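Okay, thanks for having me, everyone. I'll walk you through one protein model this morning, so have a look at it on the screen.

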Amino acid sequence: MRVLVVEDERMLADAIAEWLREETHAVDLAHDGAAALERIAVNDYDVVVLDRDLPRVHGDDVCRELVESHSDARVLMLTAAAQLDDRVSGLSLGADDYLSKPFAFPELAARVLALGRRSRPAVPPILRRAGITLDPARREVFRNGRFVPLAKKEFAVLTELMRANGNVVSAEQLLEKAWDEHADPFTGAVRLTILKLRRKLADPPVVETVPGVGYRIS
């Protein structure tokens, strides 16, 4: 999934991003509310991890903007305030989940994954198609009962293809979801990753190229 982490404490932001990247997500960073709104306007995020107390533009205003723009991104709001009134207030702004600081990184990662499954349309916790079983939480893939070891980007690309449920996914969409904002749009990374996936998933071939359009799992 594509995740935006908005946190003004840079060491914490870097730690969150590193943990989520280990979970195979593509992660962008913003350190204030204004920078977050700029990235949200350009990129299509599945989840926004949003610190509430941000400089320049407050986290509450970022959340309101996301809701008013009808963005599909789910919002996990972070705050140092743990009182019930604060949690209720954050959720009433349109946040989908709320996590108080300090928190455990495994819990944050699990909440991000859960929010990603609630995207539109909703995605089941275990993805199955064409003999492939993909478990995002365990980061495991099986093809006809055989375990398939995948690198992080291979897993991320396969996840997006499985989430598409047979529909075509363009190379641009795969680049958007599996790589971060620093990815070169002219890179051959998507094509190379698809080639590696095909080899690892073995016969019969399951990842189809639709010329001039993209890829799909038929």
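**A walk through the model**

Let me begin with a proline: P204 sits in the loop that runs between helix 8 (189–201) and strand 10 (207–210). What catches the eye is the peptide bond leading into it, from D203 to P204, which is cis, with omega near -5°. And before anyone asks, yes, this is a predicted model, so treat every number I give you as computed from that prediction.

There's another cis bond to show you. K101 and P102 are joined by one, with omega about -5°. P102 is also in a loop, between strand 5 (97–100) and helix 5. Why bother pointing these out? Because most peptide bonds are trans, and most residues other than glycine have a negative phi.

That brings me to two residues that have a positive phi without being glycine. A130 has phi near 50°, and you'll find A130 in the loop between strand 6 (127–129) and strand 7 (132–135). N165 comes in at about 55°, in the loop between helix 6 and helix 7 (171–178). Are they buried or exposed? A130 has 34% relative accessibility, so A130 counts as partly exposed. N165 is at 53%, and the line for exposed is over 50%, so N165 counts as exposed.

Okay, let's zoom out. The chain has 8 helices and 11 strands. Along the principal axes, the C-alpha atoms fill a box of roughly 55 × 35 × 30 Å. What radius of gyration would you want for a compact globule of 218 residues? Near 17 Å, and the chain has 18 Å, so the two agree. Buried residues make up 48% of the chain. And if you take the contacts with a separation of 6 or more, 59% of them are between residues 24 or more positions apart.

Here's one of those long-range meetings up close. T24 is in the loop between helix 1 and strand 2 (26–30), while A156 is in helix 6. In sequence they are 132 residues apart, yet their C-alpha atoms are 5.9 Å apart in space. Both are tucked away: T24 has 10% relative accessibility, which is under the 20% cut-off, so T24 counts as buried, and A156 is buried too, at 4%. Leaving out anything up to four places away in sequence, T24 touches R139, K152, F155 and A156. On the same terms, A156 touches T24 and A178.

H25 shares that loop between helix 1 and strand 2, and H25 is buried as well, with a relative accessible area of 8%. Setting aside neighbours within four places in sequence, H25 is in contact with M1, V3, L20, V112 and L113.

Hang on to H25, as we meet H25 again at the second largest pocket. That pocket holds about 270 Å³ of space. Its lining has 21 residues, and those nearest the centre are M1, H25, L113, P136 and A137. Which elements give two or more residues to that lining? Helix 5 and helix 6 (152–163), and helix 5 gives the most, with 7 residues. By class, the lining has 13 nonpolar, 4 polar and 4 charged residues.

Last stop, the aromatics. A search of the whole structure turns up 3 aromatic pairs. One of them is W19 with F105, which is stacked, at 5.6 Å centre to centre and 20° between the planes. That pair ties together distant parts of the chain, with W19 in helix 1 (residues 10–22) and F105 in helix 5 (residues 105–117), 86 residues apart. How open are these two to the outside? W19 is partly exposed at 34%, and F105 is partly exposed at 24%.

Now set that beside F142 and F147. Their ring centres are 5.6 Å apart, but the planes are at 65°, so this pair is edge-to-face. F142 has 29% relative accessibility and counts as partly exposed; F147 is at 42% and falls in that class as well.

And one more thing on the rings: W19, F103 and F105 form one aromatic cluster.

That's my tour. Happy to go back to any of it.

Technical notes:
Residues are numbered from 1 along each chain as its sequence is written. This is a predicted model: local features need pLDDT of at least 70, side-chain atom pairs count only at pLDDT 80 or more; totals for chains, interfaces and linings use all residues. Side-chain values use heavy atoms; hydrogens and water are left out. Rings of Phe, Tyr and Trp (its six-membered ring) pair if their centres lie within 6.5 Å; planes under 30 degrees apart count as stacked, over 60 as edge-to-face and the rest as tilted. Helices (H or I, at least four residues) and strands (E, at least two) are DSSP runs, numbered from the N terminus. Buried means under 20% relative accessible area, exposed over 50%, partly exposed in between (1.4 Å probe, protein chains only). On a 1 Å grid over the protein atoms alone, a cavity is a set of points where a 1.4 Å probe fits but cannot get out, and a pocket is an open set with protein on both sides within 12 Å along at least five of seven lines; lining residues have an atom within 4 Å of a point. Grid points are joined across faces, edges and corners, and a volume is the space filled by probe spheres set on the points. Ala, Val, Leu, Ile, Met, Phe, Trp, Tyr, Cys and Pro count as nonpolar, Asp, Glu, Lys and Arg as charged, and the others, Gly among them, as polar. The radius of gyration is taken over C-alpha atoms; the globule rule is 2.2 Å times the number of residues to the power 0.38. Contact means heavy atoms within 4.5 Å.
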